Structures are given as C-alpha cells and as structure tokens.
Amino acid sequence: MIKSKVITVVLAASTVSGCGNESKESSGSKHTEATQHEEHQQHTLGDKREETKNSETLPSFLSDKSEDMQLIYAAAAKHQTLLENIPCYCGCGEEANHQNNYDCFIFENKENGAVTWDDHGTKCSVCLEIAAQAVVDYSKGKSIEDIRQEIDDKYKEGYAPPTPTPEV
C-alpha cells in the first residue's frame, strides 16, 4: 500500500518539475504550448525500457531514484486495472502513444510474468502525481469512476490533452 506521505512529496515536486506540459509560471511568464511540446518530446524520445522477471522486481533505472518514486512504481505495478482506467495529462498520449497512466510506468506484462518497465514516470511529476493520487484514493475505498472524475476535473485545464483512455 502506498504511504500518504508520498502524495505530499509528489505534490511538492510537481511545482518544481514535470514533463513540461502543465501550465506553470517560470520567471514570471508561462511556458508556451510550443515550448511545452518540445520539452515533453525530449523526455519521451529518451524513454528507457527494462525487463525484470516479475512485477515485484523493480528495474535498475530506479536504483538511484528516491524511495518515494520507487514506491509509486511498485504501487503502479500492483494497480494495473486501476491505472489502465485513469488517463494521463502530461502529453504522453500524443508523444509516446500511451493509452493511460499505467503506460507511464509499465510498457508490457508478459505471459511468463516478466514485466517491461518504462522510465517515463521517472521524468514526469504529472505521471507520478496522478498515479499516487489514484492509488491512495483507491486504497481509501473510492471507486475507479470517482477517482477518474476527480483526475479529469483537476487536470482538464492547463495540462496536455489526456491519453485516449476509454471511460469505465
């Protein structure tokens, strides 16, 4: 289960960094849509993937990341159904062909139990924040539908278009 303190850490980090698609003030001026697109494209073009034997074995690209980030990745792996029903608003739908928030963390689940992880989430506070909030809310008993509605409401303005995640 994800710790509630992770939300605080992720929310604080989101004001400092991100994929570049969220509206944020920088030196008193907003990023332009073109600048945001360029910044996010640089992130997604360099996404790394790594296969591990199962979802309990985290990828080596997380070894130098914070414990909180590792916790979010582990939680994402345990909440596939939830996160496959939650859109991401960082622009990865257009730039990385992601279909949902789960894709920001895991590229593929293989029949033999192996997992191909994606490092996209390590570079994007929007992805992390959405996953962390969804998992915490789910652990508190909220329905997937309610969580999705809250995410959609929170990110509908000032962020990139959502991934093409079908409605539940």
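This passage describes the overall fold, one helix, a group of aromatic rings and a few individual residues of a predicted model.

The protein contains seven helices and five strands. Read from the N terminus, these elements follow the order α-β-β-α-β-α-α-α-β-β-α-α. The chain has 168 residues, of which 47% count as buried. Its exposed surface comes to about 8500 Å², with carbon and sulfur atoms supplying 47% of that area. Contacts across the sequence are well represented too: among those between residues at least 6 apart, 69% join residues at least 24 apart.

Helix α7 makes a convenient place to begin a closer look. It comprises 12 residues, 144-155, and at 1.5 Å a residue it should span 16 Å; the C-alpha atoms at its ends are 16 Å apart, so expectation and model agree. The buried residues of α7 are Ile144, Ile147, Arg148, Ile151, Asp152 and Tyr155. Around the axis they cover an arc of only 135°, and therefore they sit on the same side of α7. The cover over these buried residues includes α4 (80-83) and α6 (125-139).

The aromatic side chains come next. For such contacts, a pair of aromatic rings is described by the distance of the centres and the angle of the planes. The model holds five aromatic pairs. One of them joins Tyr73 and Phe105 in an edge-to-face arrangement, with 4.9 Å from centre to centre and 85° between the planes. This pair links distant parts of the chain, since Tyr73 belongs to helix α3 (residues 67-78) whereas Phe105 is found in the loop between α5 (92-95) and β4 (106-109), 32 residues apart. Tyr73 and Phe105 are both buried. Tyr73 also pairs with Trp117, here in a tilted geometry of 6.1 Å centre to centre and 40° between the planes. Because Tyr73 lies in helix α3 and Trp117 in strand β5 (residues 115-118), this second pair ties together parts 44 residues apart in sequence. Like Tyr73, Trp117 is buried. With Phe61 added, the three residues Tyr73, Phe105 and Trp117 complete one aromatic cluster. Another ring has a charged partner: the charged end of Arg49 is placed over the ring of Phe107, 3.7 Å from the ring centre.

Thr52 offers a view of how strand β3 meets other parts of the chain. This threonine is located in β3, which covers residues 49-52. Thr52 has a relative accessible area of 8%, which is under the 20% limit, so it counts as buried. Its C-alpha atom is separated by 6.5 Å from that of Thr116, although the two residues are 64 apart along the chain. Beyond its neighbours within four places in sequence, Thr52 is in contact with Thr57, Leu58, Pro59, Ala114, Val115 and Trp117. The last of these, Trp117, is also a member of the aromatic cluster.

Finally, the backbone at Asn97 deserves a brief mention. Most residues other than glycine have a negative phi. Asn97 has a positive phi of about 60°, although it is not a glycine. This asparagine lies in the loop between α5 and β4, the loop that also holds Phe105. Asn97 has a relative accessible area of 57%, which is over the 50% limit, so it counts as exposed, whereas Phe105 is buried.

Definitions and conventions
Residues are numbered from 1 along each chain as its sequence is written. This is a predicted model: local features need pLDDT of at least 70, side-chain atom pairs count only at pLDDT 80 or more; totals for chains, interfaces and linings use all residues. Side-chain values use heavy atoms; hydrogens and water are left out. Helices (H or I, at least four residues) and strands (E, at least two) are DSSP runs, numbered from the N terminus. The expected span of a helix is 1.5 Å times one less than its number of residues. Buried means under 20% relative accessible area, exposed over 50%, partly exposed in between (1.4 Å probe, protein chains only). The arc is that of the directions from the helix axis to the C-beta atoms. Contact means heavy atoms within 4.5 Å. Accessible areas come from the Shrake-Rupley method with a 1.4 Å probe; for residues, only the protein chains shown count as cover. Rings of Phe, Tyr and Trp (its six-membered ring) pair if their centres lie within 6.5 Å; planes under 30 degrees apart count as stacked, over 60 as edge-to-face and the rest as tilted. A charge sits over a ring if NZ of Lys or CZ of Arg is within 6 Å of the ring centre and within 35 degrees of the ring normal.
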